[in-house]
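Me: I would like to practise reading a few local features in a model. Can we take them one at a time?

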Amino acid sequence: YVRQRRDGKTSEQASATVARQAAAAAGRWTWDDLAKKYPDDYLSKPRRTKRGLRPPSLTSAAEARRYLNDPVAMKHLGGRLLMELRRADFEAVRDELLDIHDRKTASRQFVALASAAMSYAKKNFAGNSGLEESASWWVDVRPRQESMIDPKSRFPTVEEVARVLRLADVTRVMPGRDIQKGTSEAVVCGLWWVTLTGQRATAALAVRKEHVLPWPPELPPREGWKVV
């Protein structure tokens, strides 16, 4: 602290330097640690969920290694303690990837993966990572609109929809998948329901029993039909 003050630093700057040195000496995580631990210790290993053991996502792990260790990310974040990073640091990486290098996917993926990695660190290793007192500012960092994927201009034909419904009906466990739990009857019915009603999934699948009403007597009779 005294050395920092003699070098002309303010009291706040000197205290921050001391705190940073103490955190580093205590083994608090740097960005480099996070960029290794998140893909290697989390995405690359099986995870237990409410539905059972979830196999590792090696593709996701490779994506995380690629974008969290991107040269632009390391330029801004490399060697720095997680506890001293701020929202502006993530935005600087996001913006440089987009504005200087014109890498839309990299800009968008960095935001998503960096946020997920920081949340993983705080949720599972708040003390060791140094994020115990952090306010989870990273969840508020958003991709730039210019980096978003263009809306689809092509929509499935009736024949393609029919093929999907047929596959869903007859193939409950896709060959070659690690997850062997078959698609349930409820999920297949939900897929048919969304298709036949043409509603958004969130609306179509929010239907409750009380939303199913008798067929109105003023309409031409249709045996077995109801109104939803």
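Reply: We will go through a helix crossing, some backbone angles and a surface patch. Keep in mind that this is a predicted model.

Me: Start with the helices. At roughly what angle do the axes of H4 and H7 cross?

Reply: Angles of 65 to 115 degrees count as roughly perpendicular. Here helix H4 (residues 58-68) and helix H7 (residues 104-129) cross at roughly 105°, and their axes come within 9 Å. H4 is therefore roughly perpendicular to H7.

Me: Which residues in H4 meet H7?

Reply: Glu 63, Ala 64, Tyr 67 and Leu 68 do. On the H7 side, their partners include Thr 105, Gln 109, Phe 110 and Leu 113.

Me: Now the backbone. What sign does phi have in most residues other than glycine?

Reply: Negative, for most of them. Asp 102 departs from that sign, with a positive phi of about 55°. Asp 102 sits in the loop between helix H6 (87-99) and H7. Ser 136 also has a positive phi, near 55°. Ser 136 belongs to the loop between H7 and helix H8 (158-170).

Me: Is Asp 102 buried or exposed?

Reply: Exposed, because its relative accessibility is 57% and the cut-off is over 50%.

Me: Last, the surface. Which residues form the nonpolar patch?

Reply: Trp 193, Leu 205, Val 207, Val 212 and Val 228. Together they have about 420 Å² of accessible area. Trp 193 lies in helix H9 (residues 185-197).

Me: Why does Trp 193 count as partly exposed?

Reply: Because its relative accessibility is 31%. Partly exposed is the class between buried, under 20%, and exposed, over 50%.

Conventions:
Residues numbered from 1 in each chain as written. Predicted model: local features only at pLDDT ≥ 70, side-chain atom pairs only at ≥ 80, totals over all residues. Heavy atoms only, no water. Patch = residues over 30% accessible without salt bridge, like charges linked within 9 Å, V, L, I, M, F, W, Y side chains within 5 Å. Areas by Shrake-Rupley, 256 points an atom, 1.4 Å probe, with all protein chains shown as cover. Salt bridge = Lys/Arg side-chain N within 4 Å of Asp/Glu carboxyl O. Helix = DSSP H or I, 4+ residues; strand = E, 2+ residues; numbered from the N terminus. Buried < 20%, exposed > 50% of the residue type's maximum accessible area, 1.4 Å probe, protein only. Axes fitted to C-alpha atoms, helices over the stretch in contact; angles between N-to-C directions. Parallel < 35°, antiparallel > 145°, perpendicular 65-115°, else oblique. Contact = heavy atoms within 4.5 Å.
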